[in-house]
Amino acid sequence: GPKSNRKPKKKLSVIGPLCRTFWIPLVTGAFTKLIGDMIAFANPQVLNLMIKFVASKEFMWRGFVYAVTMFVIAEVQTIFFHQYLMSMYVVGINCRTALMSAIYKKALRISNSARKLSTVGEVVNLMAVDAQRITEFLPFSHLLWSSQVTIIAAVYFLWQLLGPAALAGLAVMIVLIPINTLIAKKVKTLQMKQMKYKDERIKVINEV
């Protein structure tokens, strides 16, 4: 029959449209994050020079230069970090607004048969809770790649100072990966249960 020839509907994702809409601030934030992370590694290098200065008999003005340089580096790194956070929170708020508007428009257009599949509580959760999670996630989204860059850079500099002993810290992080994965899965399961309870609560309140 004609129904059997219908292709199954593909699951739509909002990630693609959001990335295409806000790709410029996302890329700008990525560069800001990268620069801030790289600047953070400059202070330990200057501190190493400061330690060598204390142990030597160099001119006093070099110590003042090292101290001022450490202060300037810390200030610049803080500026980049907070600029990154601010830009990502702005993108998150814009994404949340776009999602809430799309959900509201969709809720007004769905048919009566489709309304039976979704409760009012689910729609409210989509607009209030799930959309808010986008705002909370975006400031940490770039950690998916920046954390790996930071670990590689940290191991490189530690190798220069400690040699093979630097691999001990890396080994501990690798061992903890499965534990963190299990904890993340458990948290996700609990959050899904929490969302179901919220849906049921809002449904009961509306019926009352």
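How far apart are Asp37 and Lys33 in helix α2, in terms of helical turns? The two residues are four positions apart in the sequence of helix α2, and therefore about one helical turn separates them. The views below come from a predicted model, in which local features need pLDDT of at least 70, side-chain atom pairs count only at pLDDT 80 or more, and totals for chains, interfaces and linings use all residues. Residues are numbered from 1 along each chain as its sequence is written, and side-chain values use heavy atoms, with hydrogens and water left out.

**View 1. The chain as a whole is built of eight helices and zero strands.** Helices (H or I, at least four residues) and strands (E, at least two) are DSSP runs numbered from the N terminus. In order from that end, the elements read α-α-α-α-α-α-α-α. Of the 208 residues in the chain, 22% are buried; buried means under 20% relative accessible area, exposed over 50%, and partly exposed in between (1.4 Å probe, protein chains only). The accessible surface is about 15,800 Å², and carbon and sulfur atoms hold 71% of it. Accessible areas come from the Shrake-Rupley method with a 1.4 Å probe, and for residues only the protein chains shown count as cover. Among contacts (heavy atoms within 4.5 Å) with a separation of 6 or more, 77% join residues 24 or more positions apart.

**View 2. A salt bridge links Asp37 and Lys33.** The structure holds one such pair, a salt bridge being a side-chain nitrogen of Lys or Arg within 4 Å of a carboxyl oxygen of Asp or Glu. The closest N and O atoms of Asp37 and Lys33 are 3.7 Å apart. Side chains of opposite charge can pair when their charged atoms come close. Asp37 has a relative accessibility of 13% and so counts as buried. Lys33, at 11%, is likewise buried.

**View 3. His142 sits in the loop between α6 and α7.** With a relative accessibility of 8%, His142 counts as buried. Leaving out residues up to four places away in sequence, His142 touches Leu26, Gly29, Ala30, Lys33, Tyr84 and Met88.

**View 4. The largest nonpolar core has eleven residues.** Its members are Leu18, Phe22, Leu26, Tyr84, Leu85, Met88, Val91, Cys95, Leu99, Ala131 and Leu138. Helices α4 (60-109) and α6 (120-141) each supply at least two of these residues, and the largest share, six residues, comes from α4. A second, separate core of six residues includes Ile39, Val46, Met50 and Phe53. A nonpolar core is a set of buried Ala, Val, Leu, Ile, Met, Phe, Trp, Tyr and Cys residues joined through side-chain atoms within 4.5 Å. In the largest core, which contains Val91, the contacts of Val91 are with Phe22, Pro25, Leu26 and Leu138, apart from neighbours within four places in sequence.

**View 5. Ile93 of helix α4 lies 5.6 Å from Thr135, C-alpha to C-alpha.** Ile93 and Thr135 are 42 residues apart along the chain. At 38% relative accessibility, Ile93 is partly exposed.

**View 6. Seven residues form a nonpolar surface patch of about 630 Å²: Trp23, Ile24, Val27, Phe31, Leu34, Met38 and Val149.** Patches are made of residues with over 30% relative accessible area and no salt bridge; like charges are joined within 9 Å, and nonpolar side chains (Val, Leu, Ile, Met, Phe, Trp, Tyr) within 5 Å. Helix α2 (residues 23-40) gives the most to this patch, with six residues. Val27 lies in helix α2 and is partly exposed, with a relative accessible area of 37%.

**View 7. Ala166 occupies the loop between α7 (143-162) and α8 (167-207).** Its relative accessibility is 6%, so Ala166 counts as buried. Ala166 touches Val155, Leu158 and Trp159, with residues up to four places away in sequence not counted. The C-alpha atoms of Ala166 and Val155 are 6.4 Å apart, although eleven residues separate the two in sequence.

**View 8. An unreviewed UniProt entry annotates residues 59-80, 137-159 and 165-184 as "transmembrane region".** UniProt positions are given in the numbering used here, feature names are shortened, and annotations may be inferred rather than shown by experiment. In the model, residues 59-80 are 95% helix and 0% strand, and their end C-alpha atoms are 33 Å apart. Residues 137-159 are 96% helix and 0% strand, with the end C-alpha atoms 33 Å apart.
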